[in-house]
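The following exercises concern aromatic pairs, buried side chains and salt bridges. Each task is followed by a solution in steps.

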Amino acid sequence: MDATGTRSFRAVLAGCGLTALVGAGVALRGVSTPIYSASVAEAGRLHAQWCTADARIDDAAGARYQALFTEHYPWKDTGLGLILGAAALAILAVTLRRTAGEGRPWLRTPSARWPFLVLGLAVIALGEVVTAYSFMTDAYRLYLPACADSWGIPVTLSIYSTLVITPALLVAGIVLTLMFGKLPVPLDQWDRTRPVRSWFVTIVFALLILSVAAVGIASLPTTTSGWILPTVLASYLLAATRAALLAPRREGRLVSTGLSTLAGR
């Protein structure tokens, strides 16, 4: 690997290490902050009042209880999210570097088409795990009234929705991979022979990456801070897909050559 590639790899690892250190400091600030602005006993009493004697939710009592929360959990969640995001990016960078062929840039696409599908399924699975964890954490932290179904129904609906939509997304992913050119290519791949296509694809995927990143950043101070994991993976997947769509065309071969095309052979 050339000196430029080595420097960029080290810079990414250094950035990940710095981010993890910042995350640890943020999390420690949360740990040092009390959970409630009142005593635990007072908070427990107000939480109990959130549900009336006939198991109905008292919104006014709930508002009074929720006002007792300090920045304890937001700081902890933000710190944890920063640490997880830094770790995920570092692992991704090391994996790409170790699997890079001789003379090839480490910031590149996978060398075959099937890893794109695996990465997509991994993003979906990670997102589902983080969502379930978030609902259960909300219940554990007493963010919800005791008389409400804290996480059972939402988690069940989330799993059902994922099982329904995943096959459609998988089919769409397969169709998209059939449009790829020769792999692997660098993530900054640009098709000079088709500048309009290059600009269009780049703008579309840049907007998608920004949207995904916005969701990950917005999740940091919440129980969904773990969304930073699928955010990192999805951002790489989108960047790699953009590059693969602009890769040199495979001459003398049909795009739809079945499993051999999908395997990158």
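**Exercise 1. An aromatic pair**

Phe 69 is buried, with 18% relative accessible area, where buried means under 20%, exposed over 50% and partly exposed in between (1.4 Å probe, protein chains only). The model is a predicted one, in which local features need pLDDT of at least 70 and side-chain atom pairs count only at pLDDT 80 or more, while totals for chains, interfaces and linings use all residues. Residues are numbered from 1 along each chain as its sequence is written, and side-chain values use heavy atoms, with hydrogens and water left out.

Task: determine which geometry the pair of Phe 69 and Tyr 143 has, and where the two residues lie.

Step 1. Rings of Phe, Tyr and Trp (its six-membered ring) pair if their centres lie within 6.5 Å; planes under 30 degrees apart are stacked, over 60 edge-to-face, and the rest tilted. A search of the whole structure with this rule gives nine aromatic pairs.

Step 2. For Phe 69 and Tyr 143 the centres are 5.2 Å apart and the planes are at 80°, so the pair is edge-to-face.

Step 3. Phe 69 is in the loop between α3 (59-66) and α4 (72-98), and Tyr 143 is in the loop between α5 (114-140) and α6 (152-177); the pair links distant parts of the chain, 74 residues apart. Helices here are DSSP runs (H or I, at least four residues), numbered from the N terminus.

Step 4. Tyr 143 is partly exposed at 22% relative accessibility. Both rings belong to one aromatic cluster with Tyr 36, Trp 50, Tyr 65 and Tyr 73.

**Exercise 2. A buried arginine**

Task: establish what surrounds Arg 242 and which side chain of opposite charge is nearest.

Step 1. Arg 242 lies in helix α8 (residues 228-245).

Step 2. A salt bridge requires a side-chain nitrogen of Lys or Arg within 4 Å of a carboxyl oxygen of Asp or Glu. Arg 242 is buried yet has no salt bridge, and the nearest side chain of opposite charge, Asp 188, is 6.1 Å away. For this purpose Lys and Arg count as positive and Asp and Glu as negative, with His and the chain ends not counted.

Step 3. With contact defined as heavy atoms within 4.5 Å, and residues up to four places away in sequence set aside, Arg 242 touches Leu 187, Asp 188, Gln 189, Trp 190, Val 201, Thr 202 and Phe 205.

**Exercise 3. Salt bridges**

Task: state how many salt bridges the rule yields, and compare the settings of the bridges Arg 45 to Glu 42 and Asp 77 to Arg 141.

Step 1. The count comes to four salt bridges.

Step 2. In the bridge between Arg 45 and Glu 42 the closest N and O atoms are 2.5 Å apart. Both residues lie in helix α2 (residues 40-49), three residues apart, about one turn of the helix. Arg 45 is partly exposed at 40%, and Glu 42 is partly exposed at 28%.

Step 3. Between Asp 77 and Arg 141 the closest N and O atoms are 2.8 Å apart. This pair links distant parts of the chain, Asp 77 in helix α4 and Arg 141 in the loop between α5 and α6, 64 residues apart. Asp 77 is buried at 5% relative accessibility, and Arg 141 is buried at 9%.
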